[in-house]
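The following exercises are to be worked through with the sequence and the model in view. Each task is followed by its solution.

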Amino acid sequence: MLGQVSTRLGAALVVILGVCTLVFLLIHLVPGDPVEAMLGESAQPADRAALRASLGLDQPLATQYRRYLVGLLSLDLGRSFQDQRAVSEILGERLPATLTLAAAALLLALLLAVPLGVFAARRRGSSFDAGAMAFSLIGVSMPNFWLGPLLILVFSLWLGWTPVSGSDDPASLVLPAVTLGTALAAILARMVRASVLEVLGEDYIRTARAKGLSEPAVLWRHALRNAWLPVLTLLGMQLGGLLGGAVITETVFAWPGVGSLLVEAIQARDFPVVQGCVLLISLVYVLVNTLTDLAYAGVDPRVAFR
Amino acid sequence: MQMRLVRLLPFAIVGLWALAALLGPLLATAPDRIDLPRILAAPSPSLPLGTDDLGRPVLDRLLVGSRTSFVVGVGVVALSALVGSLIGATAGFAGGWPDLVIVRIIDVFLAFPGILLAIALAGILGPGLGNVIVALSVVGWVGYARLARAQVLSLKVRDHVGAARALGVRPPRLLLRHLLPLALAPLVVEATFGIAAAVIAEAGLSFLGLGVQPPTASWGSMIRDGVAYMLVAPHLVLAPGLAVMLVVLAVNLLGDRLRDRLDVRTSAA
């Protein structure tokens, strides 16, 4: 078990180092001169040189890379080009909003997808099943940058139930969470259905039924417990879609998270902040996935043998 | 009869989309003509989808937008499937340290959640059709690489590969003629879902202002521009959004059907 944990953590560290390297290289992909892209063509040569030096772009690539990695170890992600504040400080302010939104969307998706998937599997071939799968298909195909404005139109503008944007009122979390959670709910419902269907065909389910357990007890206590495992693994992977989707959802609702910060930074050509946002979101993703893997091995002893 | 119609619907939608992409420039007479006296006109017989905030006909812009999404969808899938399959197949075929290195690189790319890396890349490269295709392909190749590698790993121990090797077939030819054709089915299924993903991603990037440059129409930028006028002219948001959704839905349905027919199991959902 311990060996497995350390192998998994080691692999995660390699991936994290790779992610940092790729993010470091991002700024060198800026076509032409990043300094000119930031300052504009009319900038004074002295200003350019000063910015170049402050970004360390006048150093050889290897030196820049070393400095960057050393900086990361002390949480130094550079300074925002716009207001000279530390990027880590700005990210720290924005992260809670993104985590709140992601958690709400995840909760919503689970609350919707689990009953939908279980009942669809239970009544396979029924009109409920067909309806649930139609919802799933539409949910996956519905772009969140369209669903968001539609929800605003109906619930904020026409009905006046929720605020249009911002995050001051708890009710303002509802529409962004629905927007972000719908696609995940659609995918999850499908996975829960498939997983429950597979488990329902197992021998021990027949045994449970044969010994006279009620159908709900068979379904929720016996079937769902084992159907969870594949869903959990895939949930970890789908979290990436959730975090990526947060960028668009936050922009639609002016939600003050890391995602909207990324878009603002891109528009302002504030590259240190762009790098910081990408790095932070990716690290959260890697971290959660590693923890999911470890938890998975803890829940199901069979995993450890693989 | 009714069932047959339902089965044909996805084909019809995709066909219409492709047709609009090919013929759009001929049919759309004035997608960029600004006509200020006619701004935000509601749909009418002469203007089936009304006009936008600059008086441009929404139907014409929708047609031009279908070209944008089609070019990106096909371009991204072609580029990323080609590059990804070759890299993945080579890794699986070669084994040893090249395989190890490539697997690590794939892991790193998979560590970027969803569309995030594409957004950052498109933002850094700047707007434009070519940059959108590049950004989405940089993110997209990984799926094909992983799939091709797994396929080749299981196929390369088959007897016919050993026989070909014994006959002196060189590795590149072995890979291209004897291995990749057998690995094609799951890759084709993945590519179908990839088109849907690329269409959504292109519209998403354009929604964020990172896609094609104005005045060229994209469904995503049409939605973004329409949001400000949603209360007075909901058709500005409804029309392009419905277009994205129908195309993505149709392509996903075709992908599902193809997967069932070719009997492959993929994680793409």
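**Exercise 1.** In which loop of chain A is the place of A:Gln84?

Solution. This is a predicted model, in which local features need pLDDT of at least 70, side-chain atom pairs count only at pLDDT 80 or more, and totals for chains, interfaces and linings use all residues. Residues are numbered from 1 along each chain as its sequence is written, while chains are lettered from A and ligands numbered from 1 in the order in which they are written. A:Gln84 lies in the loop between H4 and H5 of chain A; helices are DSSP runs (H or I, at least four residues) numbered from the N terminus. Its phi is near 65 degrees, a positive value in a residue other than glycine. A:Gln84 counts as exposed because it has 8 C-beta neighbours inside 10 Å; the term exposed requires 12 or fewer other C-beta atoms within 10 Å of the residue's own, with C-beta atoms placed from the backbone.

**Exercise 2.** Describe the backbone and surroundings of A:Leu75.

Solution. A:Leu75, although not a glycine, has a positive phi of about 60 degrees. The residue is placed in the loop between helix H4 (61-73) and helix H5 (87-122) of chain A. With 12 C-beta neighbours inside 10 Å, A:Leu75 counts as exposed.

**Exercise 3.** Locate the cis peptide bond that involves B:Pro215.

Solution. The bond joins B:Pro214 and B:Pro215, with omega about 10 degrees. B:Pro215 is found in the loop between helix H8 (184-207) and helix H9 (219-227) of chain B.

Note on methods
Helices (H or I, at least four residues) and strands (E, at least two) are DSSP runs, numbered from the N terminus. A residue is buried if 20 or more other C-beta atoms lie within 10 Å of its own, exposed if 12 or fewer, and partly exposed in between; C-beta atoms are placed from the backbone.
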